[in-house]
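Me: I am new to this structure and would like to understand the reasons behind the terms used for it. Could we go through them one at a time?

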Amino acid sequence: MSLLKKVVTALVITALMVPAVAVNAAGVNSVTKTKIADANVTVSGTSVSYTGKAQSPQVAVSVDGKTLVQGTDYTLTVTSATNAGTYHITVVVTGIGHYEGTVNKTVNFTIAKAKQPVKNAPAKKLKVKAKKLKKKAVKIKLKVKAKGKKKYKSKSKRLKVNKKGVVTIKKGTKKGTYTIVVKIKATKNYKARTKKIKIRVR
C-alpha cells in the first residue's frame, strides 16, 4: 500500500471514532443528581434516659420511598448530648453520590434522669445477736453508697440513727427485724430515691 493510501485510511478511521467518543462523553455529562432537599428526613429516639455516655437521636433518610444509605448517598451531622435535660438538636443531611444539596432539621432531644443506683452493706453485716444487747447498746455503721445526699430515719424507737448513718440499737432491744429508711436526694442526672434497710436482731 502506498504512503498516500495509508494516510487516507488513518484519517477515515479517526473520523469514525470521534463521534463515538463524543456520544460517550455526552452520556456521562447527561447524568443528573437528585436534590436531597426532596428527601424525607425522619428523626426517632428523641427521648432517652441518662447512661453516662453521649447520645443522639436516630436519623433515617428516604427519597420517593427509597431508603438512602449513609456514607453512600449522604453524610450526616448530628449533635449529641450526655447530661439529663432537653436539647435543641440540629440534624444536617448532605447529599453525595447521586444526590446533592443539604437538608437542615431541628428537633427537641430529651435525656431523662436515670434511676439512682444505691449500694449498702451486705445483709450479714446487719445482724445483731439479742444476747449481746442484754449487756449494752450496739452500733452499726450503714455503708450506703449513692450519688445524691442521704438522710436517715429509724422506723423504731429502739433504734437511733445519726446523719452519718451510724445506727445505735438500744440495750434490751428484743429479737425482730427493724427498718432504717434512707432518703436520697436527686442529682443532675439521677432521680430521688428511697431505700429501706433491714436490721435483724436474732
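Reply: Gladly, and please keep in mind that this is a predicted model.

Me: What makes Glu 100 partly exposed?

Reply: Glu 100 has a relative accessibility of 32%, and because partly exposed covers the range between under 20% for buried and over 50% for exposed, that value places Glu 100 in the partly exposed class.

Me: Why is the contact between Lys 35 and Glu 100 called a salt bridge?

Reply: The side chains of Lys 35 and Glu 100 come together at 3.6 Å, counted from N to O, and a salt bridge requires a Lys or Arg nitrogen within 4 Å of a carboxyl oxygen of Asp or Glu, so the name applies. Lys 35 belongs to strand S1 and Glu 100 to strand S8, so that the pair links distant parts of the chain, 65 residues apart. A search of the whole structure finds one salt bridge.

Me: Why is Lys 143 called exposed, while Lys 35 is called partly exposed?

Reply: Lys 143 has a relative accessible area of 54%, and because exposed means over 50%, the word fits Lys 143. Lys 35, at 48% relative accessibility, counts as partly exposed, because its value falls between the limits for buried and exposed.

Me: How do you know that strands S6 and S7 pair?

Reply: Strand S6 (residues 74–78) and strand S7 (residues 85–95) share five bridges in the antiparallel sense, and since pairing asks for at least two bridges, they qualify as a pair. Leu 76, for example, has Val 93 in S7 as its bridge partner, and a hairpin of six residues joins S6 to S7.

Key: Residues numbered from 1 in each chain as written. Predicted model: local features only at pLDDT ≥ 70, side-chain atom pairs only at ≥ 80, totals over all residues. Heavy atoms only, no water. Helix = DSSP H or I, 4+ residues; strand = E, 2+ residues; numbered from the N terminus. Buried < 20%, exposed > 50% of the residue type's maximum accessible area, 1.4 Å probe, protein only.
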